[in-house]
Structure formats: structure tokens, C-alpha cells
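Q: Please pick one part of this protein and take me through it slowly, as if we were both looking at the screen. I'd like to know who sits beside whom, and what is hidden or in the open.

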Amino acid sequence: MNNNNVASQPFDDQRPGTSGLRKKVKVFQTPHYLENFVQAIFDTQTDLSGGSLVLGGDGRFYNREAIQIILRMAAANGVAKVIVGLGGLLSTPAASCLIRKYKTDGGIILSASHNPGGPDEDFGIKFNTPNGGPAPESVTEAIFSRTKQIDAYRITDHDDVDLDQVGEIRIGETLIQIVDSVIDYTELMADLFDFERIHQLFNSGAFTMCFDAMHAVTGPYAKHIFEERLGAEPGTVINSTPKVDFGGGHPDPNLVHAHELVTNTQGHNGVDFGAASDGDGDRNMILGRDFFVTPSDSLAVITANAHLVKGYTSGISGVARSMPTSQAADRVAEKLGLECYETPTGWKFFGNLLDAGKITLCGEESFGTGSNHIREKDGMWAVLFWLNLLAVRQQSVESIVREHWKSYGRNYYTRYDYEAIDKAAAEALMQSLGDKLDSLVDSDIDGYQVAYADNFSYTDPVDSSISSNQGIRIGFTDGSRIVFRLSGTGTQGATLRVYLEAYEPDPQKQTSPTEEVMKPLVTIAQNLAEIAQHTGRTEPTVIT
């Protein structure tokens, strides 16, 4: 076996975004492109030399090829052990689980999350630190800085490793350990949730469920946990076979893309509980029969009911939400006397709070929920939490949520996404809107009194680091909010996200359709930001 130094030149577009580096597959297939970024990880994360690494991905197109390249590079860079998911598959939550359980020096996760897969679609790579969470900005900036200077990378000329057999193999001095991560992950879930009680729920004959794995990575996890361990009927998990192109679908668990699941929850014959996860398994959607639970409400309900669930019976230390997420969790925290933190978008911002013990639960409006069991959002965890709650309370999903609204008020919520718009136009929109902020405070806009208007800045309460320009917030005196933000998860152009929230404390007024309640705020948002003028778009790409 030979270790080779391959000459290369820097690429100028390798700055990681919110969740790592995401580009089109063909960009990653450009000679030296993936290798440069991986070498930058090894050059900056020096503990990996002589240390251990977790490696796997969501199974999308180019996943296997990338793993083989990274394994040969790991060996050439002196990594002592690499733990790889069977078949190259590793959900993002399971990767975090393995990093923490086996105390590795980090992990490399190959995923573009909920983005489409295929030869003409998206691919991604990110580094997770030894706590199991996404690398903080200090680490990603160090990696990016190195990519701008790199002139060579190290790689062996070893044959491909068989990824489809559990066992061990060596590339030189590097031990490659192929593991079935479903087993490790299931053990963790069994510690947190009352599997016996959930099993009884499935065997009661009065409960039905459908889980849509969307031909993504959670298929094997869901089949094993729901159907084999918990006794759900065979076929409860649909679209369970991971495919490199996600079966031609878009692995984003929302009402638009998980249409088969939504149909299965509708009408008299609909299942009692529906759920879905995304490409890499870190997101979730929760449905009852003819009832959609917003991710913001889901976090609030989980917070309010944590004491009923096995792993959280001793109480929780606090809760955090991303800034665009609705303030529903804040109202629960206030009533229960808990700390509630508002962070920028990006799961890495929850990491310090979790490590410091300041919070137990956290969530984002973009279908992500989690707790201190790992350092990533976790789709399967959220589904199991709801199953445990349903087993304990013996109520429907809708009944649980409506009772919650009566106690805490309802935060109506919706998000408008304008995808793949011209980046310069999007930045001009945000600049123009930012220039108006000072003049908006205390003004009246179509009957809504502005209480505050700012560009959100976050000071981390643990390490005092500051993250500025995290999104424009416009809050009204009645508790309503509009938030504007450019997303960092796309691979082309820019995505403008507009988040709208209205608070209704009166139970008699909590049954109005969301679109009806939101109409005035939608109009204000579109006019205030001059969306059509800047982008040419009169309608959003997706409404959730």
C-alpha cells in the first residue's frame, strides 16, 4: 500500500453553510474537489491523527464513492480507527449517537439532508465534533481557511472496502469497523422511551400508524423499531428502502412532499398517527387523523408533557428554539418556570446549551426536534416521543394539541419559501428591508402596532460568542411576528424564507383556518419587503 501526495489547487467555493458544504453532485465529482475539503478537515482537526472517526451518509447518489475516497484518505492521514455504517448508511442522529457512545474524535457525515438526490441533484459533507454535534463556526471557518491554502492531499491506493458486511478490515495501520448502527441507536431509544407501553398501544387493536421513510436513510431504523421491536403491523413503514435518488421524490417531510402519508391520515379510514422523516433522518413531521402538528407546536407539546415520558420523568432543565420558530415553547417555559433560549438557525447553536446542561429539549420550525440524548435533531426520537405520549395519555393527536392550546394559547404559524431566486436580488431585498427597521418601531401597519424591529443578534450564554445578522424580526404588540431570513441549505441561488406567527389566547377563536388568520400578515410581509419587486415572484415555491 502506498500513501500518495496528490498535487491540487484551492477551490474558492468551499465555505460550509448552516449544515456543512452542499453542492450539486457534479461539483463534488470535480477532480480534487471532495479530496481538498476532506484534507482540510484532517489538517485542522489534528486529534484525528492517531484518533478515531465515525463515517457514513444518507445513501444518496455518490455516497458510496465518497466513503471509499474518505477511507483511503483517513488511512493516509494516520487515523487509527474509522467506524462506518453498514452499507455506508448512517442517519445523522445515529452518527451523533456513535460519536458519543464510542467517544470518537469526531465524525464525517455525507448528506444534503432534505434536498433531492441523484446524479444531477445535491450532495453534502459536514464534520461533527467529539460531542456529536455539528462543528461550530470556529471549526468550520478553520476548515474553510485551510481550503483556500491547500496545495495537496494525502490518499492511499488501496482497493475499495466491502461496506456490506459487518466486521473489520485494515487499510495499512487503520482499522475499518463496519457496524449496524440500527442496533446502537435502538438501544439508546429503548433507554429513553417505554417500549413495553408503546408495544401495548400497537397491540390494542385500537391504534393504527403510518410512517413514511421517503426512500431515505430511516427506512431500516423504522422497520426494526416500529415493526420488529414495537409490534406495529407489517407495512406500517412505507417507502422503507433507501434509494440513491430517494425514489425520485423530494425527501422533505412536509405536507407537500409527503403527500402519500398525508393521504393515509385523511378521512374516516385514515390512520390514527402519521409521521415522516427526511433524507438523513434528523427531521420529522407529525400528523393525527386529519390533523397536522406544526413543528413549533410539537416542541411546545413535548416540553409540556416531558414528565410523562420515561427518559424525562425527573424533569427538564430548560428548552431552546431557533429564532424563526414560533414562541409556543416560550409560553410553556414561562408557565413551568423553565429557562427558554432563542438561538440562531442551525443545530450547532444548541450544542453549547446542551453541553452546559442549560437545556434538555430544543427544536426548530424546519421540522427538527431533539434533546440532550445526542447533539443533532432526531426524527425518529420525535416520533417515538409522540408514540410514548399517545400510549400514556390515551388520547388522539388532535385532542392533545387542542387541550394544549386551551392551556397555553395557540400560536398560529406558517412559512413561505421562495426558492432558487437570484442571490443578488435576495440580498438587495434584505438590505432594503434592513434599512427600514428603525423607522418601523412604534408605527402602525394595517392596524398592527410594531413593538420591535431588528436584525437578530445572538450572544451565546456559555462562551459569549456573538452571531450577528441572523434574520430580520418584526414583532407586533399583539404577539404576532414576521421574520425574514435567507436560508443556507440550498445549493443554487438563494432561498428567502418568510415566517409568520399570530397568537390567539381565546379558546373560542382557536379553530379558524391558519391561512385565514395569516392573510393580513402575509400581505404586510409581501408589501413591506417588496418581494415581487425584488424577486419577480408573486407566489412562494412552498407554503408550510
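A: What follows starts with one strand, then moves on to a helix and its contact, and ends with two sheets.

First, some ground rules: this is a predicted model, where local features need pLDDT of at least 70 and side-chain atom pairs count only at pLDDT 80 or more, while totals for chains, interfaces and linings use all residues. Residues are numbered from 1 along each chain as its sequence is written, and side-chain values use heavy atoms, with hydrogens and water left out.

Let's go to strand S24, residues 472–476. Helices (H or I, at least four residues) and strands (E, at least two) are DSSP runs, numbered from the N terminus. Five of the five residues of S24 are buried, and buried means under 20% relative accessible area, with exposed over 50% and partly exposed in between (1.4 Å probe, protein chains only). In a regular strand, side chains alternate between the two faces of the sheet. Here, Ile472, Ile474 and Phe476 sit on one side of S24, with Arg473 and Gly475 on the other, and both faces are covered.

Who are the neighbours? Strand S21 (residues 448–455) runs antiparallel to S24 and is joined to it by five bridges; two strands pair if DSSP finds at least two bridges between them. Look for aspartate 454, whose bridge partner in S24 is arginine 473. Strand S25 (residues 481–487) is also antiparallel to S24, with four bridges joining them. There, isoleucine 472 faces phenylalanine 484 of S25. S24 and S25 form a hairpin with four residues between the strands, and in this hairpin glycine 479 has a positive phi near 95°.

Now scroll back to helix H12, residues 348–355, where six of the eight residues are buried, so the helix is largely enclosed by the rest of the structure. The buried ones are Lys348, Phe349, Phe350, Gly351, Leu353 and Leu354. Just after H12 comes glycine 357, which has a positive phi of about 75°.

Two of those H12 residues lead us to glutamate 137, which touches Lys348 and Phe349, as well as Ser467, not counting residues up to four places away in sequence. Here, contact means heavy atoms within 4.5 Å. Glutamate 137 belongs to helix H5 (residues 137–147), and its relative accessible area of 36% makes it partly exposed. Its C-alpha atom is 9.3 Å from that of threonine 18, although 119 residues separate the two along the chain.

Finally, have a look at two open sheets. One has four strands in the order S16-S15-S17-S18, with mixed pairing. Its edge strands are S16 (339–343) and S18 (368–371), each pairing on one side only. S15 (residues 318–322) and S17 (residues 361–364) pair in the parallel sense over three bridges, and alanine 320 stands opposite cysteine 362 in S17.

The other sheet has five strands, ordered S11-S10-S12-S13-S14, and its pairing is mixed. S11 (237–238) and S14 (291–293) are at the edges with a single partner strand each, so one side of each has no neighbour in the sheet. S12 (residues 273–277) and S13 (residues 284–288) run antiparallel, joined by five bridges; try finding serine 277 across from asparagine 284 in S13.
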